[in-house]
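Biologist: Could you pick one part of this model and take me through it closely? I'd rather have one region in detail than a quick tour of everything.

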Amino acid sequence: MTEGVALLTVFVLSAFTGYEVISKVSTTLHTPLMSGANAIHGVILIGAILVTGRARDTVELWVGLVAVFLATLNLVGGFVVTDRMLEMFRARTTARTPARTPRRHG
């Protein structure tokens, strides 16, 4: 019981600390941090695939497949968020065509 309480305490404190740290990150640093996180999620996805490939029974296989699905979802979501953040920093160009004035013949 004491080990479970200690693990729960570490989890709650790390979640609180992570929330506080991430909420203080400026938007200019968010994109590079997301790119690094995407690289880590890629490694997690490869690990989930490798572990699923060595599954010995049906329960391990299903847990592995769920892990692969969630890792893929996390990886794709990270790239979508990064793309949105990069879109904010791109110069906005509007397709303006110069107004045509009618030519006067005469």
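Modeller: Sure. When I say helix here, I mean a DSSP run of H or I at least four residues long, with the numbering starting from the N terminus. By that rule H41 lies in helix α2, which covers residues 27–53. Keep in mind that this is a predicted model.

Let me set the scene before zooming in on α2 and its contacts. The protein chain has 3 helices and 0 strands, and along the sequence they read as α-α-α. Of the contacts in the chain with a separation of 6 or more, 67% are between residues 24 or more positions apart. Buried residues make up 13% of the 106 residues. The accessible surface adds up to about 9400 Å², and carbon and sulfur atoms account for 69% of that.

Back to H41. With 19% relative accessibility it counts as buried, because the cut-off for buried is under 20%. Leaving out residues up to four places away in sequence, H41 touches N74 and L75. Both of those positions fall within helix α3, which spans residues 58–89.

T52 is another residue of helix α2, and at 12% relative accessibility T52 counts as buried too. Neighbours within four places in sequence aside, T52 is in contact with L61, G64, L65 and V68. There is also a polar detail here: the T52 side chain reaches the backbone oxygen of G64 at 3.1 Å.

V63 makes a handy counterpoint. V63 sits in helix α3, and its C-alpha is 8.0 Å from that of T52, with the two positions 11 residues apart in sequence. Yet V63 counts as exposed, at 56% relative accessibility, whereas T52 counts as buried.

I46 gives you one more reference point in helix α2. I46 is exposed, with 52% relative accessibility. Its C-alpha is separated from the C-alpha of T72 by 9.7 Å, and the two residues are 26 apart along the chain.

Now look at the outside of helix α3, where L73 lies. L73 is exposed, with a relative accessible area of 51%. Together with V66, F69 and L70, L73 forms a nonpolar patch on the surface, and those four residues share about 400 Å² of accessible area.

How does this line up with annotation? In an unreviewed entry, UniProt lists residues 33–52 and 59–81 as "transmembrane region". In the model, residues 33–52 are 100% helix and 0% strand, with the end C-alpha atoms 28 Å apart. Residues 59–81 are likewise 100% helix and 0% strand, and there the end C-alpha atoms are 33 Å apart. L73 falls inside the second listed range, so the patch residue with 51% relative accessible area belongs to an annotated stretch.

If you care about charges, there is little to track. Side chains of opposite charge can pair when their charged atoms come close. A search of the whole structure turns up 1 salt bridge. That pair is E20 and K24, with the closest N and O atoms 3.3 Å apart. E20 is partly exposed at 28% relative accessible area, while K24 is exposed at 64%.

To put the close-up back together: on helix α2, H41 touches N74 and L75, and T52 is in contact with residues including G64 and V68.

Terms used: Residues numbered from 1 in each chain as written. Predicted model: local features only at pLDDT ≥ 70, side-chain atom pairs only at ≥ 80, totals over all residues. Heavy atoms only, no water. Patch = residues over 30% accessible without salt bridge, like charges linked within 9 Å, V, L, I, M, F, W, Y side chains within 5 Å. Areas by Shrake-Rupley, 256 points an atom, 1.4 Å probe, with all protein chains shown as cover. Salt bridge = Lys/Arg side-chain N within 4 Å of Asp/Glu carboxyl O. Helix = DSSP H or I, 4+ residues; strand = E, 2+ residues; numbered from the N terminus. Buried < 20%, exposed > 50% of the residue type's maximum accessible area, 1.4 Å probe, protein only. UniProt positions renumbered as here; feature names shortened; annotations may be inferred. Contact = heavy atoms within 4.5 Å. Polar contact = N/O pair within 3.5 Å; in protein donor to acceptor, adjacent residues only side chain to side chain.
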